[in-house]
Amino acid sequence: MKSIIVAGLLLGCAHGVQAAPYANVEANQSIVDGEVSTAVDLHVGTEGSFASGSWYIQGGPVLIDAATEEVELSGKAGGSLAVSDELSIYGELSFVTGEDLAVGTKAGVKYVF
C-alpha cells in the first residue's frame with residue numbers, strides 16, 4: 001500500500017501540475033496516562049493534482065505544550081488516487097521532532113455513494 005501512495009506522490013510531483021500554497025493551523029489532542037495534551041501545528045504547505053489524484057506537503061513549528069512553551073518541528077505529506085468515480089485511496093506520512101523522532105502514517109479508502 002505504501003508503494004502505491006509513494007508512487008502517486010512522485011507521479012504528482014513529476015508532472016509539475018499547478019500547485020497552490022496554503023496555511024494550515026490544526027490542534028491535535030492526545031491522552032497519555034490519563035493526561036490530556038494539545039499540540040498545535042502552524043504549517044505552510046502546497047498542494048496540487050495530477051491525472052487521477054491529488055497530493056500535498058506541509059510543515060512548520062508545532063506548539064507541544066503552551067505551559068512550557070515547548071516548540072518542535074512537524075510535517076506531513078500525502079495524497080489520494082482515484083480508483084474509479086466512486087472509489088479512492090489515500091495516505092499520509094507525518095513526523096514530529098523531539099527527544100525521539102515520532103513518525104506516523106495514515107491510509108484509507110473513500111467510497112462515495
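The accessible surface of the protein chain amounts to about 7,700 Å², 60% of which belongs to carbon and sulfur atoms; accessible areas were obtained by the Shrake-Rupley method with a 1.4 Å probe, and for residues only the protein chains shown count as cover. The structure is a predicted model, in which local features need pLDDT of at least 70 and side-chain atom pairs count only at pLDDT 80 or more, whereas totals for chains, interfaces and linings use all residues. Residues are numbered from 1 along each chain as its sequence is written, and side-chain values use heavy atoms, with hydrogens and water left out.

The predictor's confidence in each residue is given as pLDDT, on a scale from 0 to 100. The protein chain averages a pLDDT of 86, and 84% of the residues score at least 70. Over residues 1–7 the pLDDT is below 50, and this stretch has nine contacts in the model beyond near neighbours in sequence. A contact denotes heavy atoms within 4.5 Å. Among the contacts in the protein chain with a separation of 6 or more, 35% are between residues 24 or more positions apart. Of the 113 residues of the protein chain, 23% count as buried; buried means under 20% relative accessible area, exposed over 50%, and partly exposed in between, with a 1.4 Å probe and protein chains only.

The secondary structure comprises one helix and six strands, arranged from the N terminus in the order α-β-β-β-β-β-β. Helices (H or I, at least four residues) and strands (E, at least two) are DSSP runs, numbered from the N terminus. The six strands form an open antiparallel sheet in the order β1-β2-β3-β4-β5-β6. Its edge strands are β1 (19–32) and β6 (102–111), each of which pairs on one side only. Neighbouring strands of the sheet are turned by 20° against each other on average, direction ignored; the axes are lines fitted to C-alpha atoms, for helices over the stretch in contact, and angles run from 0 to 180 degrees between N-to-C directions. Two strands are taken to pair if DSSP finds at least two bridges between them. In general, strands of a sheet pair through backbone hydrogen bonds, either parallel or antiparallel.

At one edge of the sheet, β1 and β2 run antiparallel and are joined by 14 bridges, and alanine 27 has valine 40 in β2 as its bridge partner. Two residues lie between the strands of the β1 and β2 hairpin. Aspartate 33 is placed in the loop between β1 and β2 (35–50), and its phi is near 55°, a positive value in a residue other than glycine. With a relative accessible area of 78%, aspartate 33 is exposed. Strand β2 is also joined to β3 (residues 53–65) by nine bridges, again in the antiparallel sense. Glycine 45 has glutamine 58 in β3 as its bridge partner, and the hairpin from β2 to β3 passes through two residues.

At the other edge, strand β5 (residues 87–96) and β6 pair in the antiparallel sense over ten bridges. Serine 88 is found in strand β5 and is buried, with a relative accessible area of 17%. Leaving aside neighbours within four places in sequence, serine 88 is in contact with Leu81, Ala82, Val83, Gly108, Val109 and Lys110. Serine 88 and serine 52 are 36 residues apart in sequence, with a C-alpha to C-alpha distance of 9.4 Å. Leucine 87 has tyrosine 111 in β6 as its bridge partner.

Tyrosine 111 also takes part in an aromatic pair. Rings of Phe, Tyr and Trp (its six-membered ring) pair if their centres lie within 6.5 Å; planes under 30 degrees apart count as stacked, over 60 as edge-to-face and the rest as tilted. By this rule the count comes to one aromatic pair. The pair is formed by tyrosine 111 and phenylalanine 113 and is edge-to-face, with 5.2 Å centre to centre and 80° between the planes. Tyrosine 111 counts as partly exposed at 49% relative accessibility, whereas phenylalanine 113 counts as exposed at 91%.
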